[in-house]
Amino acid sequence: MSEETGTPAHVAARDVAGGHFRYYDFVMAAFVAIILLSNVLGAGKVAEVWLPGVGYWPFGAGILFFPISYVIGDVLTEVYGYARARRVIWAGTGAVLFMAFMSWVVVALPPAPSWGNQAAYETIFGQVPRIVLASVCAFWVGEFVNSYVLARMKLWTGGRMLWTRTIGSTIAGEGVDSLIFYPLAFLGAAGWTTGLVIQVLFTQWALKVAWEVLLTPVTYIVVGFLKHREGVDVFDEGTDFTPFATRV
């Protein structure tokens, strides 16, 4: 039995390849929805919060919800294994690419003379190719690093101390995500000095990791529920960790 959840003893990933899971599709849908909504609703707005001793501190609104994708990624790998998490990451990547393409097409369509919202539409849904490229690359690499680190740490810890691998994998995944996104998106851009890029990079990384830490109790609840209801606790023994494999 699992020491943390009392769920069935661990199962090698290859032993459940043909299994049918009741909640896997819902977790995948939640992951893709968070990714898309974070990009559409959160990416373009800068909000601010008051911090004691600091004053008002600006932050990108997307940071409130985008880190949840890493929490869901942790849940996927912890419960269903790296191979099934890999499929979800590719589904999310495809969805983001299609969203970017659809946004470009819809914004580029000539507006009807009677419709006066084109400028606002371009402001909200207009895509800067450099930022789209940076976002997709950072998301893809960061999520795979997150999933790989968690799967490896699960083997190292024997399935114990879930918090160590959810937080550890997020430190690695979000770190790589930030290291790719901010320099690729903003380094050399107008108004962005190298110092500012580095400051924002580390600030956003620290905030995302802190958010993961705060959500650890929720992660425990969701993982325990899914392992119990699905009757599985996958350990990635002998798993092919390449991002490009299709076998589950």
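Phe144 has a relative accessibility of 6% and therefore counts as buried, the cut-off being under 20%. This residue belongs to a predicted model, and it offers a convenient way into the structure, beginning with the aromatic rings around it.

Trp140 is a ring partner of Phe144: the centres of the two rings are 5.0 Å apart and their planes stand at 65 degrees, so the pair is classed as edge-to-face, a label given to angles over 60 degrees. Both residues belong to helix H5, which covers residues 129-157, and because they are 4 residues apart there, about one helical turn separates them. An α-helix has 3.6 residues a turn, so residues three or four places apart point the same way. Trp140 also pairs with Phe244, with ring centres 5.6 Å apart and planes at 35 degrees, so this second pair is tilted. Since Trp140 sits in helix H5 while Phe244 sits in the segment after strand S4 (234-235), the pair ties together parts that are 104 residues apart in sequence. Phe244, at 58% relative accessibility, counts as exposed, because the cut-off for that class is over 50%. These contacts form part of a wider arrangement, in which ring pairs join Tyr82, Trp90, Trp140, Phe144, Tyr148, Phe241 and Phe244 into a cluster. The count of aromatic pairs comes to 21. A ring may also have a charged partner, as with Tyr24, over whose face Arg84 lies at 5.3 Å from the ring centre.

Helix H5, which carries Trp140 and Phe144, can be checked for its length. Its 29 residues, at 1.5 Å a residue, should span 42 Å, and this agrees with the 42 Å that separates its end C-alpha atoms. Just after H5, Gly158 adopts a positive phi of about 65 degrees. Met161, in the loop between H5 and H6, likewise has a positive phi, of about 50 degrees, although it is not a glycine. With a relative accessible area of 44%, Met161 is partly exposed.

The chain as a whole gives these details their setting. The protein chain holds 8 helices and 4 strands, and from the N terminus on its elements follow the order β-α-β-β-α-α-α-α-α-α-α-β. Of its 248 residues, 43% count as buried. Among contacts between residues at least 6 apart in sequence, 80% join residues at least 24 apart.

The largest nonpolar core has 27 residues, of which Phe31, Leu76 and Tyr80 touch the most other members. Two or more residues of this core come from each of helix H1 (24-42), H2, helix H3 (82-108), H5 and H8, and H2 gives the most, with 7 residues. For Phe31, once its neighbours within four places in sequence are left aside, the contacts are Ser69, Ile72, Gly73, Val88, Ile89, Gly92, Phe139 and Glu143.

A second, separate core has 9 residues, including Phe181, Tyr182, Phe186 and Leu201. Phe186 lies in helix H6 and is buried, since its relative accessible area is 15%. Apart from neighbours within four places in sequence, Phe186 is in contact with Arg130, Ile131, Phe181, Trp192 and Val197. The C-alpha atoms of Phe186 and Leu196, which are 10 residues apart along the chain, are separated by 9.5 Å. Ser178 also lies in helix H6, and its relative accessible area of 0% makes it buried. Not counting residues up to four places away in sequence, Ser178 touches Pro183, Leu201, Trp205 and Lys208.

Some of these partners lead on to helix H7, where Val197, Val200, Leu201, Gln204, Lys208, Val209 and Glu212 are buried. Seen down the axis of H7, the buried residues fall within an arc of 155 degrees, so they line one face of the helix. The cover over these buried residues includes helix H2 (66-80), helix H6 (162-186) and helix H8 (216-230). The length of H7 can be checked as that of H5 was: its 21 residues (194-214), at 1.5 Å a residue, should span 30 Å, which agrees with the 30 Å between its end C-alpha atoms.

Terms used: Residues are numbered from 1 along each chain as its sequence is written. This is a predicted model: local features need pLDDT of at least 70, side-chain atom pairs count only at pLDDT 80 or more; totals for chains, interfaces and linings use all residues. Side-chain values use heavy atoms; hydrogens and water are left out. The expected span of a helix is 1.5 Å times one less than its number of residues. Buried means under 20% relative accessible area, exposed over 50%, partly exposed in between (1.4 Å probe, protein chains only). The arc is that of the directions from the helix axis to the C-beta atoms. Contact means heavy atoms within 4.5 Å. Rings of Phe, Tyr and Trp (its six-membered ring) pair if their centres lie within 6.5 Å; planes under 30 degrees apart count as stacked, over 60 as edge-to-face and the rest as tilted. A charge sits over a ring if NZ of Lys or CZ of Arg is within 6 Å of the ring centre and within 35 degrees of the ring normal. A nonpolar core is a set of buried Ala, Val, Leu, Ile, Met, Phe, Trp, Tyr and Cys residues joined through side-chain atoms within 4.5 Å.
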